[in-house]
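Open the model in your viewer and keep the selection panel at hand. Each stop below says what to select and what to look for.

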Amino acid sequence: MGNIDFKDKKNIYAIAIILLILGAAYYVYDYMWNPFVLERERLENELRSAQAELDKINAQKHRVAELEMQLVQAEKDFEKLKEMFPEEEKVPMRLQDLYSVIRSSGVQIQKFNPDGRGIAREHYIENRYSIAVNSGYHMLGYLFAEIANFNYPTAITNLRLSRYSGIKSEIEKAETHGWTPITMSVSFNLTTYTSKKVGP
């Protein structure tokens, strides 16, 4: 390969054109391509950041929906608890519930005395009812089973059983008519519970 003759105008023009092309290429690379690449990287980073933020928002929206459902369920549960542990004892409702199961069990109620004082505990109040019935064995079992199924907590204490004074007559009637005889006189305390009011 020979030496380039710098005196030849053609060579000079060729070199000038090459230099112009290289200068243009450098200009395009440095002032157009590099900024484009940097801007693209910046936009990609912003897009990733925005996508991550959107994912967080969508996760929070999902969490908010879950919390709203939990709140609705908590309100329902709270209403049930308020029914189970009202702030005031609902004597007429307790009496109605008791008479309903007494009628279905077949026992004979002799006494139903609410004790209006109530016994205060740390977080609740015990409300006691003094009850006396005449009953057969199976009737009494059914009565207690129904009381246990009330939709509020109950307790039976001070249970006393004694022979029914008219048992002879009851057995004779049972043999004649085929019904279940009254054989026991039963007394007990039925306890229900109310919540203590919080605050003034």
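Start with the sheet. In this predicted model, four strands form an open sheet in the order 1-2-4-3, with antiparallel pairing. Select strand 1 (108-120) and strand 3 (154-163). These two stand at the edges. Each has a single partner strand, so one side of each is left without a neighbour in the sheet. Now turn the view to look across the strands. From one strand to the next, the twist averages 15°.

Next, select strand 2 (residues 124-135) and strand 4 (residues 184-195). How many bridges pair strand 2 with strand 4? The antiparallel pairing runs over 12 bridges. For one example, click Ala132. Its bridge partner is Ser187, in strand 4.

Keep the sheet on screen and add helix 2. Helix 2 packs on the sheet and touches strand 1, strand 2 and strand 4. Compare directions: that of helix 2 makes about 150° with that of strand 1.

**Inside helix 2**

Select Arg94, which lies in helix 2. Is Arg94 buried or exposed? Arg94 has a relative accessible area of 5%. Under 20% counts as buried, so Arg94 is buried. Show what surrounds this side chain. Leaving out residues up to four places away in sequence, Arg94 touches Pro86, Glu89, Tyr129, Tyr152 and Thr192.

**Helix 2 against helix 3**

Two packed helices are described by the angle between their axes and the distance between the axes. Select helix 2 (residues 91-105) and helix 3 (residues 137-148). Their axes come within 9 Å and cross at roughly 150°. The crossing of helix 2 and helix 3 is right-handed.

Which residues make the contact between helix 2 and helix 3? On the helix 2 side, pick Leu98, Val101, Ile102, Ser104 and Ser105. On the helix 3 side, pick Met139, Tyr142, Leu143, Glu146 and Ile147. Colour this contact of helix 2 with helix 3 by class: seven residues are nonpolar, two are polar and one is charged.

**Salt bridges**

Side chains of opposite charge can pair when their charged atoms come close. The structure holds four salt bridges. Three of the pairs are next on the tour.

Go to helix 1 (residues 9-84) and select Arg42 and Glu46. Their side chains meet in a salt bridge, at 2.4 Å from N to O. Arg42 and Glu46 are four residues apart in the helix, so about one helical turn separates them. Arg42 is partly exposed, at 37% relative accessibility. Glu46 is partly exposed too, with a relative accessible area of 42%.

Now select Glu126 together with Arg121 and Arg128. The side chains of Arg121 and Glu126 meet in a salt bridge at 3.3 Å, N to O. Glu126 also forms a salt bridge with Arg128, where the closest N and O atoms are 3.2 Å apart. These bridges share partners and join Arg121, Glu126 and Arg128 into one network.

Finish by colouring this trio by accessibility. Glu126 is buried, with a relative accessible area of 9%. Arg121 is partly exposed, at 35%. Arg128 is also partly exposed, at 27% relative accessibility.

Definitions and conventions:
Residues numbered from 1 in each chain as written. Predicted model: local features only at pLDDT ≥ 70, side-chain atom pairs only at ≥ 80, totals over all residues. Heavy atoms only, no water. Axes fitted to C-alpha atoms, helices over the stretch in contact; angles between N-to-C directions. Left-handed = near helix turned anticlockwise from the far one by under 90°. Contact = heavy atoms within 4.5 Å. Nonpolar A, V, L, I, M, F, W, Y, C, P; charged D, E, K, R; others polar. Buried < 20%, exposed > 50% of the residue type's maximum accessible area, 1.4 Å probe, protein only. Pairing = 2+ DSSP bridges.
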